[in-house]
Amino acid sequence: MPSKKAFMDWSALIKDISESSNITLGMTDLVNATGVPASQLRYWIQKKYIIPVSAETDKRKTFKYNTIFRVRAIKYFLDAGFKLSGAIENVDAFRDLDVQIQRAIVTHIQAINVDDETGAINIALGGIGSQQELILTLQDGNSVFTVRKTDIK
């Protein structure tokens, strides 16, 4: 299992990749990665639901890497029966919530430990009251929050 340093380095790498503006892809790549037809993507560009990196006058559109996530999220809500405007509202709301949750967890990490026997990753997220702390446990694709007594008296 990875060490705390390896885990933090990996987290930083994922954050860097997902926020990186220097990783771009073309329209064909975006179509292949999302399954959304180019004609629909062009309409979304026109409505400014997705924003290409390239200038509006450029024939060849390029997009930031994280546009894949936005397009797939819009498609998810469309496939679930939402109209395009409702899909966009949901994607924006969930994206705001996602960012807030990520920031809350990252800013409150006190310690990260890996259980050598189970492989579980235990992330201490700070104290609750005087003798308890909140723990986020990640194991086998699941996450569980628990409250653990601390040794602090």
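# Reading the terms on a predicted model

Student: Why does Asp140 count as exposed?

Tutor: Set the value against the cut-off. Asp140 has a relative accessibility of 72%. Exposed means over 50%. The value passes that mark, so Asp140 counts as exposed. Keep in mind that this is a predicted model.

Student: Where does Asp140 sit?

Tutor: Asp140 is in a loop. That loop runs between strand E5 (132–139) and strand E6 (142–149).

Student: What makes the phi of Asp140 worth a remark?

Tutor: Its sign. Most residues other than glycine have a negative phi. Asp140 is not a glycine, yet its phi is positive, at about 50°.

Student: How do you know that Lys48 is exposed?

Tutor: Use the cut-off of over 50% again. Lys48 has 53% relative accessibility, so it counts as exposed. Lys48 also has a positive phi, about 65°, although it is not a glycine. Its place is the loop between H3 and strand E2 (62–64).

Student: Which residue just after H4 has a positive phi?

Tutor: Gly81, with a phi of about 105°. This one is a glycine.

Student: Why is Arg70 called partly exposed?

Tutor: Its relative accessibility is 24%. Buried needs under 20%, exposed needs over 50%. The value falls in between, so Arg70 counts as partly exposed. You will find Arg70 in helix H4.

Student: What makes the pair of Arg70 and Asp92 a polar contact?

Tutor: The distance is part of the test. The pair of N or O atoms must lie within 3.5 Å. The side chains of Arg70 and Asp92 make their contact at 2.8 Å, so the distance passes. Asp92 is also among the residues that Arg70 touches, beyond those up to four places away in sequence. The others are Tyr49, Ile50, Ile88 and Val91.

Student: How far is Arg70 from Ile88, C-alpha to C-alpha?

Tutor: They are 9.2 Å apart in space. Along the sequence, 18 residues separate them.

Student: Why are H3 and H4 called roughly perpendicular?

Tutor: Look at the angle. Helix H3 (residues 38–46) and helix H4 (residues 67–79) pack at about 105°. Roughly perpendicular covers 65 to 115 degrees. The angle falls inside that range, so H3 is roughly perpendicular to H4. Their axes are 13 Å apart.

Student: Which residues make that contact?

Tutor: H3 gives Gln40, Leu41 and Trp44. H4 gives Val71, Ile74, Lys75 and Leu78. By class, that is five nonpolar, one polar and one charged residues.

Student: What makes the reach of H4 close to the expected one?

Tutor: Compare two values. H4 has 13 residues, and at 1.5 Å a residue the expected span is 18 Å. The model gives 18 Å from its first C-alpha to its last.

Student: Which residues of H4 are buried?

Tutor: Thr67, Ile68, Val71, Ile74 and Phe77.

Student: Why is Thr34 called buried?

Tutor: Its relative accessible area is 8%. Buried means under 20%, so Thr34 qualifies. Thr34 lies in helix H2 (residues 27–34). Beyond residues up to four places away in sequence, Thr34 touches Ile68, Val71, Arg72 and Lys75. A polar atom of its side chain also lies 3.2 Å from the backbone nitrogen of Val36.

Student: Where is Arg72, and what does it touch?

Tutor: Arg72 is in helix H4. Leaving out residues up to four places away in sequence, Arg72 touches Ala33 and Thr34. The C-alpha atoms of Arg72 and Val36 are 8.1 Å apart, with their positions 36 residues apart along the chain.

Student: How do you know that Gly26 is buried?

Tutor: Gly26 has a relative accessible area of 5%. That is under 20%, so Gly26 is buried. Gly26 belongs to strand E1 (residues 24–26). Apart from residues up to four places away in sequence, Gly26 touches Arg60, Lys61, Thr62 and Phe63.

Student: And the whole chain: how many helices and strands does it have?

Tutor: Five helices and six strands. From the N terminus, they run α-β-α-α-β-α-α-β-β-β-β. Of the 153 residues, 27% are buried.

Terms used:
Residues numbered from 1 in each chain as written. Predicted model: local features only at pLDDT ≥ 70, side-chain atom pairs only at ≥ 80, totals over all residues. Heavy atoms only, no water. Helix = DSSP H or I, 4+ residues; strand = E, 2+ residues; numbered from the N terminus. Buried < 20%, exposed > 50% of the residue type's maximum accessible area, 1.4 Å probe, protein only. Polar contact = N/O pair within 3.5 Å; in protein donor to acceptor, adjacent residues only side chain to side chain. Contact = heavy atoms within 4.5 Å. Axes fitted to C-alpha atoms, helices over the stretch in contact; angles between N-to-C directions. Parallel < 35°, antiparallel > 145°, perpendicular 65-115°, else oblique. Nonpolar A, V, L, I, M, F, W, Y, C, P; charged D, E, K, R; others polar. Expected span 1.5 Å × (residues − 1).
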